[in-house]
2 protein chains.
Amino acid sequence: MTHRFNFSIHATEGKARTGTIQMLRGEIRTPAFMPVGTAATVKAMKPETVRAIGADIILGNTYHLMLRPGAERVARLGGLHKFMNWPRPILTDSGGYQVMSLSDLRKITEEGVTFASHLDGSRHMLSPERSMEIQRLLGSDIVMAFDECPRADRPRDEIARSMEMSMRWARRSRAGFDAGGEHAERSALFGIQQGALDEGLRRHSAEALRDIGFDGYAIGGLAVGEGQEAMFATLDFAPGMLPADRPRYLMGVGKPDDLVGAVERGVDMFDCVLPSRSGRNGQGFTWGGPLNLRNARHAEDTGPLDPDCSCSVCGHYSRAYLHHLHKSGEMLGAMLLTEHNLSFYQQLMQAMRDAIALGRFAEFAARFRRNYQPKGQ
Amino acid sequence: MTHRFNFSIHATEGKARTGTIQMLRGEIRTPAFMPVGTAATVKAMKPETVRAIGADIILGNTYHLMLRPGAERVARLGGLHKFMNWPRPILTDSGGYQVMSLSDLRKITEEGVTFASHLDGSRHMLSPERSMEIQRLLGSDIVMAFDECPRADRPRDEIARSMEMSMRWARRSRAGFDAGGEHAERSALFGIQQGALDEGLRRHSAEALRDIGFDGYAIGGLAVGEGQEAMFATLDFAPGMLPADRPRYLMGVGKPDDLVGAVERGVDMFDCVLPSRSGRNGQGFTWGGPLNLRNARHAEDTGPLDPDCSCSVCGHYSRAYLHHLHKSGEMLGAMLLTEHNLSFYQQLMQAMRDAIALGRFAEFAARFRRNYQPKGQ
């Protein structure tokens, strides 16, 4: 039997959980890391490779896709899955976060956000209703509520006002999504908790979201420059405010050590451009920490990027070759290092899922932290 | 039984031939198109994909590799095959053609060529002996003699003097190659006919090369701006001057219609950057001619790039998607279009091999020319 959206938790250890989300387009094993496919492509990767390395779901960006090729066009072309040749689940963000970051180009009102395209300066509008419509046109499997994401270092009353508006927008998102007809029957809607680093605001936000009711709950407004310590301090309380029987998604996170610490605190889903962007820039992730492949010390190193990695790149190519490709600006350098990094992230998630299932997650996390040098090797 | 180098012709039709070159690292079906792997990578392609689309052999560039990562370094790393994860035959050019094109940066004497690197201005030297040494260090399977390639529009006496020097360099290349010990026993050496568009000079060059003796013979000095008509006029006589029982390799050619016309005139091997470079620039080859995927008319075209193409790209992606990727500057656009183009070239070679084997090559060539619009669709 297939499900629109069914989350089963198979095992827990402390606050960490492992489980499965069943959806019509496929199963998502949690904790899950979602590669980012901004403009209808996980940059420098073929979709069959994204699947081969173990990704169950990818993320698409409403902001980028509404501007190019355009949501209506994607719909005319049969939806995002067909367009980009990815038949499995896709989560789309609401566009809110990216529009907010166009600081000089946007205007926010209770109705929504008007903004100028970074591509050609053309005027556009996003609101809860329009964001729901765009995500429906794209054919998204997991739709995100439209919210405002203020910087964590703003004054508390500004954070509070913003969060309150996001909760009103969450209700409008719910209504807009529910009006989506057949699409609403085949997909899921997640609400997004805001409130920055403030426990009271986070609680207020969580209560507002639970009152509306969503298939899953995201933790927004973190990984915006507050640092890992402040993020973990917030994750010590924020996930527990969200319904335990629903997936919790920490948006835009993170580094491998962020993921381990967040799973430890009860998070089930992640997305981040870091592994793919780093791959294009010559940074490779390993169990010992990140490495800069452009560094001359790799020029004659015949060993693999990570001897403990099971990916095809580590199986076939040396550090010396990756160094050469990145020094030469060859596209294959970005292709191989992106594949390795995203594969490494999937291996990390699989290792966490296995450890939780075996009741050995605390042991795994301790060993990970012993070996992993966050500042690089 | 494996062979250092054995060329068998299976069928002929008019001047066209189809056959097989057996080498220790694998078999090369002819007529063959060799994808260009300039800097130890066929740009934007994984080597397993290069093989999957049907390539039996690729080309490496001595000039680029000697500068970065350096021939001695490649040798220390186990040779070019291991370095780039391509276990099959590799043909390396001699560096001559590319050094000559550094017009302001090089000085030619009887001894060889001194030049400045386009990367950092450092001084380097290439001679027949050094070129043989570099190709041996790389571990090349088919080594090219070091020659000078003057522009076809130079005065006849200049072309003649250059060709005479190239023939003296061919003899020194032969001696240098033969002194290469074990490498000489496992690889092959090709001579290069020069003489531009002049029948007398081409004959003189062919005789000099036959006198020295090579495993195969290249036709150099064409596709340097003379146009298809002049190139075909030269190919009406040049291949027939070379030994019929040895492969004939037309260097740096070409467009699909060039390949058909050259096979018709007795050529067995080709290389060209065109399909890969075009793929990065948004040009896709089809049986109807080249297409510019950046053109807005493809924006909502759900059809494949070429309905008669059997490649994985045409099987999974629309013209609309390729258009989107190229307009967005996404790396996947270059990856997919390079794969399609190189696959299309391999399918063209396979179609020619099949047609010659069936005695239907004249029919194939006529049909190809009826359908193919060289200026684009």
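**Domain and chain interfaces in the predicted model**

In this predicted model, 30 residues of domain 1 of chain A are in contact with 27 residues of domain 2 of chain A. Domain 1 spans residues 5-272 of chain A, and domain 2 spans residues 279-371. Their C-alpha centres lie 27 Å apart. The area buried between domain 1 and domain 2 of chain A is about 2300 Å². Carbon and sulfur atoms give 72% of that area. Three residues stand out on the domain 1 side: Glu13(A), Ile53(A) and Val260(A). Together these three supply 26% of the area that domain 1 of chain A buries against domain 2, more than any other three residues.

Polar links also cross the domain boundary. One salt bridge is found across the interface of domain 1 and domain 2 of chain A. Arg369(A) forms a salt bridge with Glu264(A), with the closest N and O atoms 2.6 Å apart. Across the same domain interface, seven residue pairs are in polar contact, both residues being at pLDDT 80 or more. On the side of domain 1 that touches domain 2, five elements of chain A each supply at least two residues. These are strand 1 (6-13), strand 2 (16-23), strand 3 (26-30), strand 4 (32-34) and helix 11 (256-264). Helix 11 of chain A gives the most to this side, with seven residues. By residue class, the domain 1 side divides into 16 nonpolar, seven polar and seven charged residues.

The start of chain B was examined for strand pairing. Strand 1 (residues 6-13) and strand 2 (residues 16-23) of chain B run antiparallel. Seven bridges join these two strands of chain B. One of the paired positions is Ser8(B), whose bridge partner in strand 2 of chain B is Thr20(B). The two strands of chain B form a hairpin with two residues between them. In the turn, Gly14(B) has a positive phi of about 60 degrees.

The contact between chains was treated next. Chain A and chain B each put 38 residues into the contact. The area buried between chain A and chain B is about 3400 Å². Carbon and sulfur atoms give 56% of this area.

Eight salt bridges are found across the interface of chain A and chain B. In one of these pairs, Arg76(B) forms a salt bridge with Glu300(A), the closest N and O atoms being 2.4 Å apart. The interface of chain A and chain B also holds 18 residue pairs in polar contact, both residues at pLDDT 80 or more. Six helices of chain A each supply at least two residues of the side that touches chain B. They are helix 1 (47-52), helix 3 (71-76), helix 4 (80-84), helix 13 (312-316), helix 14 (319-327) and helix 15 (331-357). Helix 15 of chain A gives the most to this side, with six residues. The residues on the chain A side divide into 19 nonpolar, eight polar and 11 charged.

Over all chains, the structure holds 52 salt bridges. Among them, the side chains of Glu300(B) and Arg73(A) meet at 2.8 Å, N to O. This pair crosses between chains. Glu300(B) sits in the loop between strand 16 (289-292) and helix 13 (312-316) of chain B. Arg73(A) lies in helix 3 of chain A.

How values were computed. Residues are numbered from 1 along each chain as its sequence is written. Chains are lettered from A and ligands numbered from 1 in the order in which they are written. This is a predicted model: local features need pLDDT of at least 70, side-chain atom pairs count only at pLDDT 80 or more; totals for chains, interfaces and linings use all residues. Side-chain values use heavy atoms; hydrogens and water are left out. Domain bounds come from an automatic or database domain assignment. Contact means heavy atoms within 4.5 Å. Buried area is the accessible area (1.4 Å probe) that two parts lose on being put together, summed over both. A salt bridge is a side-chain nitrogen of Lys or Arg within 4 Å of a carboxyl oxygen of Asp or Glu. A polar contact is a pair of N or O atoms within 3.5 Å; within protein, one must be able to donate a hydrogen and the other to accept it, and residues adjacent in sequence count only if both atoms are side-chain atoms. Helices (H or I, at least four residues) and strands (E, at least two) are DSSP runs, numbered from the N terminus. Ala, Val, Leu, Ile, Met, Phe, Trp, Tyr, Cys and Pro count as nonpolar, Asp, Glu, Lys and Arg as charged, and the others, Gly among them, as polar. Two strands pair if DSSP finds at least two bridges between them.
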